[in-house]
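User: I'm new to reading protein models and would like a close look at one part of this one. Could you pick a helix and walk me through it and what lies around it?

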Amino acid sequence: MGRGDRLEHHGRGTDVKSGLTVEAIPARCYYALRPQERPGCQLTATVAYGTTTLCSACQRDRSTLGKGQSPRPLPSTTNLDALALLDQAHLEFTRAAGQLPAAIARARQHHATWTAIAAVLGITRQAAQQRSKAP
Ligand SMILES: [Zn+2]
């Protein structure tokens with residue numbers, strides 16, 4: 001099951017009018033997944049400073065750093081709501097979790113010890129060996 005299937009299941013991600021399957025996912029604010037730092041974040045980015053995208057609330061709260069830089073407006077899209085953000089984070093989590101056994105296998109092929117792998121993952125050797133098995 002790919003990302004498209006999932007999005008279609010939720011009724012998003014396809015443009016019915018044009019028939020295109022290009023995903024029109026709104027740009028995410030840099031602080032969207034940092035709720036402690038910016039509780040007022042509106043999630044959907046409206047401007048970009050270089051590669052950093054910000055919503056209008058976070059743009060207002062921006063520190064003096066980089067004030068000389070002029071923002072690049074982003075095309076307006078539908079707003080990213082909190083459940084869509086959760087959906088994105090869950091998809092990324094699922095994808096990353098699926099890559100872990102392969103990455104561990106690769107590390108083993110490249111002669112990494114279980115101790116080194118466990119240290120990278122911040123878990124015990126035994127837990128690392130268990131994660132190397134596909135779910
Ligand atoms: Zn924000």
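Analyst: Let's take helix H3 and then look at what lies before and after it in the chain. Keep in mind that this is a predicted model.

Helix H3 covers residues 82–109, which makes 28 residues. From the first C-alpha to the last, H3 reaches 40 Å, close to the 40 Å expected at 1.5 Å a residue. There is a bend along the way, though: H3 turns by about 30° at Leu-100, and a proline, Pro-101, follows within four residues. Is H3 mostly packed away or out in the open? Just one of its 28 residues is buried, so H3 lies largely in the open.

Now step off the end of H3. His-111 follows the helix and sits in the loop between H3 and H4. Its backbone is worth a second glance: His-111 has a positive phi of about 70° although it is not a glycine. Most residues other than glycine have a negative phi. His-111 is also exposed, because only 7 other C-beta atoms lie within 10 Å and the cut-off for exposed is 12 or fewer.

Next comes helix H4, residues 114–121, which includes Thr-115. Thr-115 is exposed as well, with 10 other C-beta atoms within 10 Å. Its C-alpha is 9.5 Å from that of Gln-126, 11 residues apart along the chain.

For contrast, go back to the part of the chain before H3. Leu-43, in the loop between helix H1 (3–9) and strand E1, also has a positive phi, about 75°, without being a glycine. But Leu-43 is buried, since 20 other C-beta atoms lie within 10 Å and 20 is enough to count. Leu-43 belongs to the largest nonpolar core, a set of 10 residues that also includes Tyr-31, Leu-54 and Leu-80. Ala-45 is another member of that core, and its contacts include Ala-27, Cys-29, Leu-54 and Leu-74.

Leu-54 brings us to a small piece of sheet, as it falls within strand E2 (52–54). The sheet is open, with three strands in the order E2-E1-E3 and antiparallel pairing. E2 and E3 (72–73) stand at the edges with a single partner strand each, so one side of each has no neighbour in the sheet. E1, residues 47–49, pairs with E2 over three bridges, and one of the residues involved is Tyr-49, whose bridge partner in E2 is Thr-52.

Conventions:
Residues numbered from 1 in each chain as written. Predicted model: local features only at pLDDT ≥ 70, side-chain atom pairs only at ≥ 80, totals over all residues. Helix = DSSP H or I, 4+ residues; strand = E, 2+ residues; numbered from the N terminus. Core = buried A, V, L, I, M, F, W, Y, C linked by C-beta atoms within 7 Å. Contact = placed C-beta atoms within 7 Å. Pairing = 2+ DSSP bridges. Expected span 1.5 Å × (residues − 1). Bend = angle between axes of the 7 residues up to and from the residue. Lists of a residue's contacts leave out its neighbours within four places in sequence.
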